[in-house]
Amino acid sequence: MVKNILKKLYIFLMFLFLYAPIIVLIVYSFNDSRSRGGWKGFTLRWYAELFTNSDILTALYYTVLIAVLSSVISTIVGTFAAIGIHGMKNGYAKKTVLNLNYLPVLNPDIVTAVSLMTLFKFLRIEFGFVTLLLSHITFCIPYVILSILPKLRQMNKHLPEAAMDLGATPFYALRKVVIPEIMPGIVSGALIAFTLSIDDFVISFFNKGVGVTNLSITIYSMARRGINPVINALSTLMFVSLLVLLIIINKKDEKDANSKKRGENI
Amino acid sequence: MKMKIFSYPYMLWLVIFIVVPLLLVFLYAVTTTENGGLQFTVENLRRFLDPNYLDVLWVSIKLALQTTIITLILGYPIGMIIAREKPSKRNIMVLLFVIPMWMNFLLRTYAWLTLLGKNGIVNYIVTLLGFEPLDLLYNDGAVLLGMIYNFLPFMVLPIYSVIEKIDNSLIEAAEDLGANKFEVFTKVTLPLSIPGIMTGITMVFMPAVSTFVISRLLGGGQYMLIGNLIEQQFLWVGDWHFGSAISIIMMIFILIAMAITSKFDDQKEGSSGLW
């Protein structure tokens, strides 16, 4: 009995610890005060200001644009790369490629960041949109490959061969057989790439340029003077929409599972 | 058809964006710019032996180790509790651990300023209880708390997924053979969850030792960890040679840490196999 209460208390404290800052953020997005001080009354001012604050809207625009572009490009490059790596003979070359692919995953973000910064400076590429996009693609591809490779290993390797025996061209076999077979891996790879890109700070911070920043960088530079509550409002909106999306997906899954079950019963 | 040709473009990408940049950092670390040309030197690496810099390295490693140990102690039980719940409740609890990560981590860390500040909620409770308000911000404790907060899920999730996969019949067998709850834990559950613990340790230690954001936000402007030192050299001082040298030294420490954990992992798996 006592043990059960202790267990419940421990779980409660853990989740309180995890959610306390989020609750604070959401509450303060409705607070009628610019500072981090006490509660000064309810307001929707920050939500209204969000749509006129050009700094934050620009940062949001670049954050989303970079996330969409880098996840699409890294998913395409990563899918082909994974198929190619899977097709390599087990040996020294394959091992080297796999290990090099692991490097950005294992290296601390800051090392990846400064090494890319050094490269761009060495190649005399001007820091800005291009460097930001290239660095995001670079750290996203390895995760895409790592999420697709297991699906390729699970796939029956005679499937594409059978398709080609039946007259499919290699590209047709790839499009109609291999890609559908590894689709779950591609989708989860794209999702990982999107989340990593939208949330990234360290790598963007070192490879950003004048006039091109993302939300994380804006937050970091604001932190010294005090964060504009508009950011709280924006994050609350993004957080709530993700939550709603998740609930919808969950409900749909449940429905699908139920109708499938019913189908089996018939 | 040879599928492997699809990997050739990516191999080129790997060389340009992963191999060459790292080689450049190595090159910068062992050279200095003199008379417009590069000159080989060990001066950058030797400069790090200055007691001030060694102190920064020591504080970074100490804080990262403390973070790892505390997240392990706090996280292991919750990982175990989640793994033992009914599947429906289990999924919800795992999700509850993942959801906070959807909110920008800088913002979540920043929110701790509101919680821990002079007029913050924690101090409000402390004064309600009749104590003097505490100085909670801009010290080691605040940075440590920020790290524990940010990296706790990275410890809990791998431990959970390993324990969840443990065959329940092993635990039942141990109980049938007369083991009490404590023995079941120390002789069955704990040894079988070592791989998860090792993954958790690497996933917490590595970002903790290299962070510069948490220390800047919660430790104040003067707070220095090795990550801050690298940031300072690259972005503010502009001494890329010394910055590269520090990056290389940090990478070496992380490699050592990873070698130790993976060795520990192998040994355990080899020697404590159940049969």
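Start by selecting chain A and following it along the sequence: its pattern reads α-α-α-α-α-α-α-α-α-α-α-α. That is 12 helices and zero strands. Keep in mind as you look around that this is a predicted model.

**Chain A as a whole**

Stay with chain A and turn it about. Along its principal axes, the C-alpha trace spans about 75 × 65 × 40 Å. The radius of gyration of chain A is 24 Å, whereas a compact globule of 266 residues would have one near 18 Å. If you colour chain A by burial, buried residues make up 38% of its 266 residues. Now think about which parts of the chain meet: of the contacts in chain A with a separation of 6 or more, 77% are between residues 24 or more positions apart.

**Two domains in chain A**

Next, select residues 1–48 of chain A in one colour and 53–229 in another. These are domain 1 and domain 2 of chain A. How far apart do the C-alpha centres of the two domains lie? They are 34 Å from each other.

**Where the chains touch**

Bring chain B into view and look at its contact with chain A. The contact draws 57 residues from chain B and 57 residues from chain A. On chain B, select α1 (8–29), α3 (51–84), α5 (105–116), α10 (194–210), α11 (213–219), α12 (226–237) and α13 (240–271): each supplies at least two residues of the side that touches chain A. Which helix should you highlight for the largest share of that side? Choose α1(B), with 15 residues. Colouring the side of chain B that touches chain A by class gives 45 nonpolar, nine polar and three charged residues.

**A hairpin in chain B**

Now zoom in on residues 31–34 and 37–40 of chain B, which are strands β1 and β2. The two strands pair in the antiparallel sense over four bridges. To see one bridge, pick Thr31(B) and its partner in β2(B), Phe40(B). The strands form a hairpin with two residues between them. Click on Asn35(B) in the turn, where phi is positive, at about 50 degrees.

**Last stop: Gly220(B)**

Finally, move to the loop between α11 and α12 of chain B, where you will find Gly220(B). Is Gly220(B) buried, exposed or partly exposed? Gly220(B) is partly exposed, because 13 other C-beta atoms lie within 10 Å, and that class falls between the cut-offs of 20 or more for buried and 12 or fewer for exposed. Add Tyr138(B) to your selection: Gly220(B) and Tyr138(B) are 82 residues apart in sequence, yet 5.1 Å apart in space, C-alpha to C-alpha.

Conventions: Residues are numbered from 1 along each chain as its sequence is written. Chains are lettered from A and ligands numbered from 1 in the order in which they are written. This is a predicted model: local features need pLDDT of at least 70, side-chain atom pairs count only at pLDDT 80 or more; totals for chains, interfaces and linings use all residues. Two residues are in contact if their C-beta atoms, placed from the backbone, lie within 7 Å. Ala, Val, Leu, Ile, Met, Phe, Trp, Tyr, Cys and Pro count as nonpolar, Asp, Glu, Lys and Arg as charged, and the others, Gly among them, as polar. Two strands pair if DSSP finds at least two bridges between them. Domain bounds come from an automatic or database domain assignment. The radius of gyration is taken over C-alpha atoms; the globule rule is 2.2 Å times the number of residues to the power 0.38.
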